[in-house]
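I opened my notebook to jot down side-chain contacts, one lookup at a time. Here is the structure I was working from.

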Amino acid sequence: MTLANLAPTDVRQLLSVRRRLLIGAQEWLRRHAHTLTVLAPILVVTALVRGIGMSTFPRYVDDPGTYLSQAWSLQYEGTLSPYSYFYDHAPAGWIQIALWSMLTDGFDRHDSAIGFGNECMLIAGVVSTALVFALGRRLGFSRWVAGLATVLFALSPLAVLYGRWTFLDNLATPWLLAAFVLALSPKRSILAGTGAALCFAMAALTKETLLVLLPALAWALWRNTDPRNRAQVLTVAAGAGALLMALYPLFALFKGELFEGPGHNSLLGTAAWQLAERESSGSLLTADSPMRDLFSDWLAQDKLLLLGGLASVPVAVFAGRLRPIALTLVIGWLLMVRDGYVPFMHVITLLPWSALLIAGAVHVVAGSDRRWRVGAAAALAVVVLAVAAITWPGRLAPMMTTRDVPTMRAAELWVADNVPRDKVLVVHDSIWVDLVHRYRFEPRPIMVSKLDTDPAVQERLTRIDYLVVPEWYVGNPSASPTLVEAHKHAVPVASFGDGSDGVRVYRVSRYWSP
Amino acid sequence: MRLAPTLAVFLMVVAGCASPAETTLHPDPPARTYAALQHPFRGASLYLDRDSTAQRYETAQGAAWLGPITGTPQARWLNSAQDVAAVPRLAEDARQQGSLLVLVAYNLPNRGCTDHREGAPDPEAYQRWIGSLVKALGGTRAVVVMEPDAVPADCFDATRAATLRQAIGTLVDAGQYVYLDAGHSHWKSSGETAERLLAAGIEKAEGFAVNVSNRQTTDDSYRWGRELSDLVGDREFVIDTSRNGLGPPPDDPKDDKEWCNPAKQALGQRPSTAGDRPGLAALLWIKRPGESDGPCGGETTYFFAPRQARNLIVNAAWVDAPTRAAAGRSALG
């Protein structure tokens, strides 16, 4: 074989690997130069705004601690939870955290588990931000309009705040966005459709409540498929997605924990509890409902993204491609008025779609290339950005500049310095991993969320020496009766911060037993 | 996956910005320091006051059956300025006998939480009163049980805590042994009581008193006292066993007659300074048996009431049978 006989593409094979990579990278950069000039600065700013100050803001809440303890347990003990796994959430979220930790030694690299969780959320946030851009492009937005959606999603104080907490929703968002990106693939191939279904299954395995968004994804996929191969694409995609999703109930079945029964947790039992028995948060339409209070808290962080997104829903009438996106957002809002349980972090599910619809409004106004419409669209975009520029910095600044250590972290450090390692501690979930992994308390501290809910904990409970929980726990008998009882036989030995989020370390009398 | 290289760069930038956390929040309260314990009861004999109402009744009426009460050392209550006037004689008496005098300071402003005319008119007057007590005791070192019910009461607040803290300081600095009343095992929880005792300056006191004027059993009082002692730097405690021989009357929320001069009650264990259980300084008779709980249960005053004394003796397990029979037969004058 001589050089002359080779096809041009084969010439590359003669080059060194390094040279080939270099050429490939150059080509990639050339092809995406425009995208990168818009997206790269946004991603840099996103990483900075979300990353700077994340170790001191916001305060520690319990769910991140629970998920991180489960990721820790997976890595170091090979089980899905340090306690009896309760099926309260599908496990893909902390499996991903555990994988990242196994790859990068996450729990040892940081001086607190929450710090490691923050890093995971930062990565997920940046990836989601890039995917919002990609999805904007797939919806037909110009780079600048897609950039607008990306900025709104990335830098809204609401998104930064909730995006910093280690919530499963933050890990599910990239999968969900990826599912839509693939569902709207211009190739309309079976592969893209299957990818969309698999990503959606991952999203649902990360946060099972996202299953309610299935109609929106299915609609997007349906709209984007060619009638000639629609049946094949949908069948294969649905089959693949269902198969991946089925792993979860199959896992439960394998463990004999799918169906309810005496003496063990069950997937269906927990699902019934989640769906039917959890205390309702009330409807958004009812004044003084917990839902309304939560909503007010969200609005206090940012009105623009939430209300702007809702106000932009009607633009879907003018742009068919936006309709599944609008449906996603509408489902999210309907959950808030249905008078059922709405979790604290539900807002995370609303944010990317709100950003895309606001940008979608700009896109629709721009319409064809007529000059006056482009001008009007630009004016709209400028107004949106101006509102953001006026209202956001004041909210973002404290998130990035607070230097006070979170009260729970301060309490944790005090405990590590002052409490003998063999004492029995009941602790807030957020510091459990650190006390076990870093400070080696033995016997292991008891997570306050498990104190009264895990029968195995109650069975083994013979003594409690210290309590390390936020103040609101001890005054709230419904939180944990055993904790409230222990508190009656204890004195504070150190306190950090004031009010219900203040943390007091209590020492329980040696002569009391639960 | 196109993003991977860019991402890595951003993460490095962010990691570079992060600095090690600084603990800006310092714990409050700071670690407490407790005064060294003096153990005043160790090897001490308790002072027996022969000049009591019960003694005068016994002498006047020839009521020898009152012996179990009049022959047992009891605390002396100081409820007012006039009561302090008797202290120099008691102090002198106790010193000559070489026995330990136990006093009860019960004159805190608004001591019952319902009437500001009860107790000293204000915190300043109270401190002056404590000062007069110190003076009256002179060089005699006595045990002072501080202010029954003041700590567990609902009207306990920062002012009351500060008043008690100052008074404890004055007494301890003058060499007196202070036991701050903590309530009893079925009132406030040990945790809440501990917080209040700490607020009121227990670190400087010798310890606390349990079950004063109440009828909880000694075992239950000890269990509660031990729990509490662990929460307040292992301060020791005394238990009032004057009237707990039958334990607490049945708890009937509709009827509070039961706790006030109940029909069924008995003298408890005799005072003991053996301190034979960890944390326990002494068993004392702090409430004077036979004194009425107030206008209830057939009584009209707070003073000595022979019928109450008789009930206590008749039911007391440790009193010999002839004395109990004599008490039962006695016609009350």
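My entries below go through salt bridges, rings, a buried aspartate and a surface patch.

**Before starting**

I reminded myself that this is a predicted model.

**Salt bridges**

I began with the total: the structure holds 34 salt bridges over all chains. I then picked out A:Arg409 and A:Asp434, whose closest N and O atoms are 4.0 Å apart. A:Arg409 is in helix 20 (residues 407-418) of chain A and A:Asp434 is in helix 21 (residues 432-438) of chain A, so this salt bridge ties together parts 25 residues apart in sequence. Buried or exposed, I wondered about A:Arg409? Its relative accessibility is 5%, so I wrote down buried. A:Asp434 has a relative accessible area of 4%, so I put it down as buried too.

Next I wanted a bridge between chains. B:Glu195 and A:Arg504 meet in a salt bridge of 3.5 Å, N to O. B:Glu195 belongs to helix 8 (residues 190-199) of chain B and A:Arg504 to strand 5 (residues 503-508) of chain A, so the pair joins two chains. I noted B:Glu195 as partly exposed because its relative accessibility is 27%. A:Arg504 comes out at 24%, so partly exposed goes next to that name as well.

I stayed in helix 8 of chain B for one more. B:Glu192 forms a salt bridge with B:Arg196, with 3.3 Å between the closest N and O atoms. These two are four residues apart in the helix, so about one helical turn separates them. B:Glu192 is partly exposed at 34% relative accessibility, while B:Arg196 is buried at 12%. I also wrote down a network in which salt bridges share partners: B:Asp49, B:Asp51, B:Arg56, B:Arg76, B:Arg89 and B:Asp93.

**Rings**

How many aromatic pairs are there over all chains? I got 26. One of them is A:Tyr87 with A:Tyr248, a tilted pair at 6.2 Å centre to centre and 40° between the planes. Along the chain these two are 161 residues apart, with A:Tyr87 in the loop between helix 4 (62-77) and helix 5 (92-104) of chain A and A:Tyr248 in helix 13 of chain A. Both A:Tyr87 and A:Tyr248 are buried.

In chain B I looked at B:Trp77 and B:Tyr106: the planes meet at 80° with centres 5.4 Å apart, so I called the pair edge-to-face. B:Trp77 is buried, at 16% relative accessibility.

I found a ring cluster as well, made by ring pairs among A:Trp72, A:Tyr76, A:Tyr83, A:Phe107, A:Phe116 and A:Trp432. Charges turn up over rings too. A:Arg278 lies over the face of A:Tyr341, 3.9 Å from the ring centre, and the charged end of A:Arg50 sits over the ring of A:Phe153 at 5.5 Å from its centre.

**A buried aspartate**

B:Asp293 is in the loop between strand 7 (280-284) and helix 10 (306-314) of chain B. Its relative accessible area is 12%, so I marked B:Asp293 as buried. What does its side chain touch? I found a polar contact of 2.8 Å with the side chain of B:Arg215. The backbone nitrogen of B:Asn261 is also 2.9 Å from a polar atom of the B:Asp293 side chain.

**Surface patch**

Last, I looked at the surface. A:Leu247, A:Leu250, A:Leu253, A:Phe259 and A:Leu268 form a nonpolar patch with about 490 Å² of accessible area together. Helix 13 (residues 230-254) of chain A gives the most to this patch, three residues. A:Leu253 is in that helix, and at 44% relative accessibility A:Leu253 counts as partly exposed.

Conventions: Residues are numbered from 1 along each chain as its sequence is written. Chains are lettered from A and ligands numbered from 1 in the order in which they are written. This is a predicted model: local features need pLDDT of at least 70, side-chain atom pairs count only at pLDDT 80 or more; totals for chains, interfaces and linings use all residues. Side-chain values use heavy atoms; hydrogens and water are left out. Patches are made of residues with over 30% relative accessible area and no salt bridge: like charges are joined within 9 Å, nonpolar side chains (Val, Leu, Ile, Met, Phe, Trp, Tyr) within 5 Å. Accessible areas come from the Shrake-Rupley method with a 1.4 Å probe; for residues, only the protein chains shown count as cover. A salt bridge is a side-chain nitrogen of Lys or Arg within 4 Å of a carboxyl oxygen of Asp or Glu. Buried means under 20% relative accessible area, exposed over 50%, partly exposed in between (1.4 Å probe, protein chains only). Rings of Phe, Tyr and Trp (its six-membered ring) pair if their centres lie within 6.5 Å; planes under 30 degrees apart count as stacked, over 60 as edge-to-face and the rest as tilted. A charge sits over a ring if NZ of Lys or CZ of Arg is within 6 Å of the ring centre and within 35 degrees of the ring normal. A polar contact is a pair of N or O atoms within 3.5 Å; within protein, one must be able to donate a hydrogen and the other to accept it, and residues adjacent in sequence count only if both atoms are side-chain atoms.
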